Structure formats: C-alpha cells, structure tokens
Amino acid sequence: MTDSLLIIGAGGNGRVIADLASGDSRWSRIAFLDDAIYPVDDDRPWETLGSCADLTQHVAAFTHGIVGFGDNAMRVEWTMKLREAGLVLATIIADSASVSARSVLGPGTVVMPRAVVNIGVKTGCACLINTSASVDHDCLLEDGVHVAPGAHVGGDVRIGNRSWIGIGASVRHGMKVGADVVVGAGAAVVSDLPDSCVAVGVPARVRD
C-alpha cells in the first residue's frame, strides 16, 4: 500500500496541512474527517469522508493520520485517538521551512511555511509551529504547543503542554512557560509563566 493521509478536522488549519501534504509525492491519497461535510471544490479538492466519530470505519484505508484542529487540547486528544486506531502519526514540514537535522519533532507535528526550528529543539506530539514563527536552539515544546504565526521563541525555553504563543509574541531566552498558558498576540515574555494563565502586554503580565 502506498502512503495515504487521513486528516482529522477540515477547517482552515486542516486545509493548510492538506495543501502542504499535496506538494509531497509520497501521499497517494489525502482525505478528511470532520463533523461538517464540506463540498469538494477548487479551494478544497479533498474529500470529507464523514464525521470524526467515523474514524474506525475509515482507518483501514489509510496508512497515516494527522490532526488539523487549531485547538490545542482537541489536537492532542485526537492525535491519541489516531494512534490508538493504529495509524502512523505523520509529521508535515513545509518545503520553505528551515528545520535543523539536529532537532527532534514529535509525531503529529506540523511546521508551516517559512518557520524556523533550530538545532537541539525537541517537541512533543501534535505541536504546531506556524507560518514564519521561529523556535531557537535547545527549546523543549511539550505536547500540543502552538507557536502562532510570526511568534519567536528564544533559545533554551521550556513550554508546557497545550500552551499557545500568540501571533507576533516573543519569549525571551531561558524562560519557562507552564502548561495550558495563553500568551497574547504581540506580548513579550521576559519572566517565567505559571500553568493555566493568560499573559498579555509588553512586558507580558498575567491577567487576573
């Protein structure tokens, strides 16, 4: 069987993943599962086979899977379901991204166009390093972290499970960001952040 890719979630992020995968000749087939059934057209040339709950009905027809949800917790949850269903978790890297051969990307991770991942970076599963974002040397991103478009993470940063670094935000070298943290768009993180907080502003401060 040639490699085929099942994507959970056919919204905007899922479509971007499908578009990236379409440029890779390894994938003989790409299709979605989503609770909304989208018509096939020029902007969405990939079939939606059924709802997410139909996974077990379709898994035998595919070799690999990946989750297209932007929501971090949902992305991790469905990544585990794909693994339990027996699919190999795909890792998708845009051709224009720069990813060090001495970094380690966890299964189900996506690196979008013009993103940079430098030497020594390690990610957990289901991470999303979005368009033109950068993650510098020796960072650790735990499961489900999203570094949003244009965000920049300095070296030796630790980011906990399911945390979100917002559009255009920056995280200073050596910082520790807890789990389930939201860093607002354009914020500058210059001190450690605890779990389950929202931090906004320059410098970033935890919002009450």
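**Exercise 1. Work out how strand 9 and strand 12 are joined, and place them in their sheet.**

Start with the pair: strand 9 and strand 12 (residues 140-141) run parallel and are joined by two bridges. Strands here, like helices, are DSSP runs numbered from the N terminus (strands: E, at least two residues; helices: H or I, at least four). Two bridges are enough, because strands count as paired if DSSP finds at least two bridges between them.

Next, get down to residues: Lys-122 has Leu-140 as its bridge partner in strand 12.

Now zoom out. The sheet is open, has four strands in the order 9-12-15-18, and its pairing is parallel. Strand 9 (122-123) and strand 18 (176-177) are the edge strands, each pairing on one side only.

A word on the ground rules: this is a predicted model, where local features need pLDDT of at least 70 and side-chain atom pairs count only at pLDDT 80 or more, while totals for chains, interfaces and linings use all residues. Residues are numbered from 1 along each chain as its sequence is written, and side-chain values use heavy atoms, with hydrogens and water left out.

**Exercise 2. Find the edges of the eight-strand sheet.**

First write down the order: this open sheet runs 5-7-10-13-16-19-21-22, with mixed pairing. Then look at the ends. Strand 5 (92-93) and strand 22 (205-206) each have a single partner strand, so one side of each lacks a neighbour in the sheet.

Finally, check one pair inside the order: strand 13 (residues 146-147) and strand 16 (residues 164-165) are parallel and share two bridges. Val-147 is partnered with Ile-165 of strand 16.

**Exercise 3. Describe the interface of domain 1 and domain 2.**

Step one is the bounds: domain 1 covers 3-90 and domain 2 covers 91-198, as given by an automatic or database domain assignment. Their centres, taken over C-alpha atoms, are 23 Å apart.

Step two is contact (heavy atoms within 4.5 Å): 18 residues of domain 1 touch 20 residues of domain 2.

Step three is buried area, the accessible area (1.4 Å probe) that two parts lose on being put together, summed over both. The two domains bury about 1400 Å² between them, with 70% of it on carbon and sulfur atoms. On the domain 1 side, Leu-20, Asn-72 and Arg-75 lose the most area, together 35% of what that side buries.

Step four is the elements: helix 1 (12-22) and helix 3 (72-84) are those giving two or more residues to the domain 1 side. Helix 3 gives the most, seven residues.

**Exercise 4. Track down the salt bridges, and pick out the one made by Asp-3.**

The rule wants a side-chain nitrogen of Lys or Arg within 4 Å of a carboxyl oxygen of Asp or Glu. Over the whole structure, the search turns up three; across the interface of domain 1 and domain 2, zero.

Asp-3 pairs with Arg-26, with the closest N and O atoms 3.0 Å apart. Asp-3 sits in the segment before strand 1 (4-8) and Arg-26 in the loop between helix 1 and strand 2 (29-33), so the pair ties together parts 23 residues apart in sequence.

**Exercise 5. Spot the backbone oddities at Pro-203 and Ser-132.**

Keep the baseline in mind: most peptide bonds are trans, and most residues other than glycine have a negative phi.

Against that, the bond from Val-202 to Pro-203 is cis, with omega near -5°. Pro-203 is in the loop between strand 21 (198-200) and strand 22.

Ser-132 has a positive phi, near 60°, and lies in the loop between strand 10 (128-129) and strand 11 (134-135).
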